[in-house]
Amino acid sequence: MFTLAALLRHASLELRVLVPGPPGALDAPVAWVHNTELPDPSRYVREGELVMTNGLWADQVTAARFVANVRTARAAGIMFGLRAETPRTPQALVDACREAGLPLLEISVAVPFTEVSQVVAGMSTDERKQALVSMVRRGDALATAISRGAGASGVLDVLRGDHDLPLAVVDRMGRSLAVAGAELDGDQLHAVAEGLARRPPALEVDLGAAGRAALFPVGAVGDIDAALICLQPLRELAAVEREALEQTARFLSLEVAKQQAVQAIEMRFASELLEMVLSGGRRAAEVPGRLRAFGVDPGGPLAVCAVAFADGEAATIHGLAEVIGEFFAREGVPAVVAGGTQDVVAVLPWRNPESELPLLARRLVSGIERRFPGLRPVAGLSGLAPHAAELRPRLLQSREACRVLRRTRSGPAVRGFAELGTHRLLLGLLDEETLHQFSHELLGPLREHDARRGGELELTLRAFLDHDGQWAATAGVLHVHVNTLRNRLTKITELTGRDVGRTEDRVDLFLALTIDAMD
């Protein structure tokens with residue numbers, strides 16, 4: 001593109017400004033030139049073009065109507081060509097352009113419109129040549145930045161050397177990989193991730209107070225893995241800026257692919273480490289060396305945390321391990337993070353009081369909830385291992401605690417193995433169908449009775465067991481007389497075949513209610 005001011009600097013065109021238009025109009029980009037004598041050229045003139053005319057339409061429409069039609073096309077301005085019949089630009093055209101705020105230039109009789117077209121073509125060629133030179137130079141600089149390990153931040157620095165734009169790189173999990181001249185909060189990162197998840201991905205995303213931002217997808221291995229974000233709407237970006245952003249996004253694909261390869265290798269090594277811990281024997285001797293490679297001191301003490309999602313079919317989903325690894329990196333805690341289908345396990349050094357470990361785990365769970373809204377993460381913890389040789393039982397404990405929490409519909413999201421009741425661990429050894437059948441057969445008659453009679457037998461049973469079989473305490477919490485409580489418990493015995501006065505029958509009823517809470 002060129003500008004009217006650039007045309008005016010060509011003395012050979014003998015141009016004169018009659019109406020400068022609004023402030024900045026002469027410096028605004030012009031798409032091209034369009035020669036026309038139609039009284040209404042709006043159907044053919046493109047937005048941003050300069051209309052060149054000799055005024056042959058004057059016997060069909062007024063100057064005001066012609067200018068209005070040019071304004072409808074959103075043209076950049078009008079250039080009036082003088083000729084022998086019209087040695088001066090009609091005053092009516094000057095007045096109409098001034099009224100409409102449309103720039104008006106005058107070109108002398110001696111200069112044909114073809115001369116203007118040739119100058120514009122030359123300017124366009126020079127501009128394109130310069131753009132290509134800039135693209136090649138920028139490509140070399142981007143390749144150098146990547147080869148030297150500058151990362152995504154180094155890539156953005158190269159782009160900002162040419163264009164002072166607010167930029168960020170965000171992956172499809174909503175993680176900020178790099179920023180330059182911009183800051184995105186959690187909600188804005190989530191909005192970018194949602195835009196990337198669309199098919200096809202969004203070209204713009206609404207970032208709330210920051211306004212609309214242009215999104216340039218970054219793909220590594222066929223998929224869209226991240227986006228280069230420019231905190232400006234697409235319509236405000238010049239063509240050269242768009243080209244630079246698109247070029248940079250292509251180079252970022254190389255950087256993202258490299259990061260993914262590194263993450264895949266680290267994840268594989270982490271999984272192998274867990275296999276070594278579980279297998280024991282000769283492979284256990286390799287565990288200390290592997291821990292050191294991840295920056296974890298094998299001399300201990302060591303903590304193990306197992307994380308999974310509850311209340312759903314999938315215990316883990318893509319990106320969970322990366323989010324957990326990112327959390328520990330932010331906390332400044334070196335950790336080995338290994339993902340699987342049943343859970344994601346993290347092994348980390350822990351020299352603080354053991355009582356502070358659940359606090360860290362709860363922060364981790366909160367961070368996962370923010371990254372995966374609508375899902376319920378749980379974390380199982382083990383006791384501390386004094387050194388690497390004691391990791392195996394701690395790993396098993398944390399995974400068992402996590403498995404029990406997964407099958408619990410409510411309650412704490414973080415629990416240690418020692419906090420779990422023995423009955424929960426034993427129940428965890430049986431398959432869900434068997435447990436569900438046991439609970440349904442025992443509690444079904446109570447629920448049918450309550451539904452039919454509007455009774456509160458199940459509520460009474462729960463209260464009685466929660467208060468350790470104490471009659472007065474149970475009657476008090478239910479706000480009923482002890483005789484009423486006795487009648488209800490007698491009915492429970494009649495319907496279930498279990499006598500709440502016998503310990504073994506109480507255990508059956510307690511387990512049935514516990515299974516129901518876990519189901």
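## Helix α7 and its surroundings

L245 is found in helix α7, which spans residues 239-279; helices here are DSSP runs of H or I with at least four residues, strands are runs of E with at least two, and both are numbered from the N terminus. This is a predicted model, where local features need pLDDT of at least 70, side-chain atom pairs count only at pLDDT 80 or more, and totals for chains, interfaces and linings use all residues. Residues are numbered from 1 along each chain as its sequence is written, and side-chain values use heavy atoms, with hydrogens and water left out.

With a relative accessible area of 0%, L245 is buried (buried is under 20% relative accessible area, exposed is over 50%, partly exposed is in between, using a 1.4 Å probe and protein chains only). Leaving aside neighbours within four places in sequence, L245 is in contact with L159, L165, L167, F216, L228, C230 and L237; contact means heavy atoms within 4.5 Å. Take L167 from that list: L245 and L167 are 78 residues apart in sequence, yet their C-alpha atoms are 9.6 Å apart in space.

F251 is in helix α7 too. Again skipping neighbours within four places in sequence, F251 is in contact with G139, L142, A143 and I146. For a long view across the model, try F251 and W57: they are 194 residues apart along the chain, and their C-alpha atoms are separated by 52 Å.

## Two nonpolar cores

Nonpolar side chains in soluble globular proteins tend to be buried together. Here the largest nonpolar core has 29 residues, and I324, F328, V337, L348, L364 and I368 have the most contacts inside it. The term covers a set of buried Ala, Val, Leu, Ile, Met, Phe, Trp, Tyr and Cys residues joined through side-chain atoms within 4.5 Å. At least two residues of this core come from each of β13, α9 (320-331), β15 (344-349), α10 and β16. Apart from it lies another core, this one of 27 residues, including I146, L165, C230 and L252.

Back in the largest core, F328 is in contact with V333, A335, V337, A346, L348, L360 and L364, if you ignore neighbours within four places in sequence. A346 lies in strand β15 and counts as buried at 3% relative accessibility. Beyond four places in sequence, A346 touches A303, V304, C305, F328, V336 and V337. A346 and L167 are 179 residues apart along the chain, with 33 Å between their C-alpha atoms.

## A single cavity

Searching the whole structure turns up one cavity of 30 Å³ or more. On a 1 Å grid over the protein atoms alone, a cavity is a set of points where a 1.4 Å probe fits but cannot get out, and lining residues have an atom within 4 Å of a point. Grid points are joined across faces, edges and corners, and a volume is the space filled by probe spheres set on the points.

The largest cavity has a volume of about 40 Å³. Its lining is made up of C305, F328, L348, L357, L360, A361 and L364. Helix α10 gives the most to that lining, with four residues.

## Aromatic pairs and a charge over a ring

Rings of Phe, Tyr and Trp (its six-membered ring) pair if their centres lie within 6.5 Å; planes under 30 degrees apart count as stacked, over 60 as edge-to-face and the rest as tilted. By this rule there are four aromatic pairs. F309 and F372 have ring centres 5.7 Å apart and planes at 75°, so they are edge-to-face. This pair links distant parts of the chain, 63 residues apart: F309 is in strand β13 (residues 302-310), and F372 is in the loop between α10 (357-371) and β16 (376-381). Both are tucked away: F309 is buried at 2% relative accessibility, and F372 is buried at 8%.

F464 and W471 form an edge-to-face pair as well, 5.7 Å centre to centre with 70° between the planes. F464 is buried, with a relative accessible area of 1%, while W471 is partly exposed at 34%. W471 has another partner: the charged end of R486 sits over its ring, 5.1 Å from the centre. That label needs NZ of Lys or CZ of Arg within 6 Å of the ring centre and within 35 degrees of the ring normal.

## Positive phi

Most residues other than glycine have a negative phi. E14 has a positive value, near 50°; E14 is found in the loop between α1 (4-8) and β2 (15-19) and is partly exposed at 44% relative accessibility. H479 also has a positive phi, near 60°. H479 lies in the loop between α15 (471-478) and α16 (482-496) and is exposed, with a relative accessible area of 73%.

Technical notes:
On a 1 Å grid over the protein atoms alone, a cavity is a set of points where a 1.4 Å probe fits but cannot get out, and a pocket is an open set with protein on both sides within 12 Å along at least five of seven lines; lining residues have an atom within 4 Å of a point.
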